Amino acid sequence: MSEEKKSVIYQGGCHCGAVRFQVVVDRWEVEDCNCSICRKKGFLHLIVPPSNFTLLKGEKFLTTYTFNTGTAKHTFCSICGIHSFYYPRSHPGWIDINIRCLDENVISQFLVKSFDGINWEENVHKIQNN
């Protein structure tokens, strides 16, 4: 959205509160992916470098699901099942935050862009260059 927006620190987590994190947001665009897993989870993607992410609690409650190439590590709370963040295939070593899992309802602060994840291989370069 606006280029002059400053960095903001948000906290978020899963539904039951067992998993909590903090993220520094300095990018105000998110992707709404239509691939098979993102569509079903309702994930709105904010990919951040590891320096912008802190897991505050709940590592012992995280479970990981992988499929296809096994590169993406889809983490979720083993108690409530919520996928608040994961480690994306598109950005190895980075963290992908579901902005729907931030404590505040901040979706209106972001430009939500559609991403054609059904055709991931042909389109991944569009999000890797962000």
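Does Asn68 count as buried or exposed, or in other words, which of these two terms fits its relative accessibility? In this predicted model, Asn68 has a relative accessibility of 66% and therefore counts as exposed, the cut-off for that term being over 50%. Asn68 lies in the loop between strand E6 (62-65) and E7. Its backbone has a positive phi of about 55°, although Asn68 is not a glycine.

The protein contains three helices and 10 strands. Read from the N terminus, the order of elements is β-β-β-α-β-β-β-β-β-β-β-α-α. For 130 residues, a compact globule would have a radius of gyration near 14 Å, and the value for the protein, 14 Å, agrees with this. The C-alpha trace spans about 40 × 35 × 25 Å along its principal axes. Of the 130 residues, 42% are buried. The exposed area of the protein is about 7,200 Å², of which carbon and sulfur atoms supply 49%. Among contacts between residues at least 6 apart in sequence, 58% join residues at least 24 apart.

An open sheet is formed by five strands in the order E8-E9-E4-E3-E10, with mixed pairing. Strand E8 (85-86) and strand E10 (111-115) are at the edges; each has a single partner strand, so one side of each is left without a neighbour in the sheet. Strand E3 (residues 29-33) and E10 run parallel and are joined by five bridges. Within this pairing, Glu31 has Lys113 in E10 as its bridge partner.

The largest nonpolar core has 21 residues, of which Val23, Leu46, Ile97, Leu102 and Phe110 touch the most other members. At least two residues of this core come from each of strand E2 (20-25), strand E4 (44-48) and strand E9 (95-98). A second core, separate from this one, has 10 residues, including Cys33, Tyr86, Phe115 and Val124. In soluble globular proteins, nonpolar side chains tend to be buried together.

Ile95 is found in strand E9. With a relative accessible area of 4%, Ile95 falls under the 20% cut-off and is therefore buried. Leaving out residues up to four places away in sequence, Ile95 touches Leu46, Ile47, Val48, Pro50, Phe53, Phe85, Tyr86, Tyr87 and Pro88. Among these, Tyr86 is also a member of the second core. The separation between Ile95 and His45 is 50 residues in sequence and 9.6 Å in space, taken from C-alpha to C-alpha.

His74 belongs to strand E7 (residues 74-77). Its relative accessible area is 4%, which means that His74 is buried. The side chains of His74 and Lys41 are joined by a polar contact of 3.3 Å. When neighbours within four places in sequence are set aside, the contacts of His74 are Ile37, Lys41, Thr63, Thr64, Tyr65, Phe67 and Tyr86. Tyr86 thus appears in the contact list of His74 and in that of Ile95.

How values were computed
Residues numbered from 1 in each chain as written. Predicted model: local features only at pLDDT ≥ 70, side-chain atom pairs only at ≥ 80, totals over all residues. Heavy atoms only, no water. Helix = DSSP H or I, 4+ residues; strand = E, 2+ residues; numbered from the N terminus. Buried < 20%, exposed > 50% of the residue type's maximum accessible area, 1.4 Å probe, protein only. Polar contact = N/O pair within 3.5 Å; in protein donor to acceptor, adjacent residues only side chain to side chain. Contact = heavy atoms within 4.5 Å. Core = buried A, V, L, I, M, F, W, Y, C linked by side-chain atoms within 4.5 Å. Pairing = 2+ DSSP bridges. Rg over C-alpha atoms; globule rule 2.2 N^0.38 Å. Areas by Shrake-Rupley, 256 points an atom, 1.4 Å probe, with all protein chains shown as cover.
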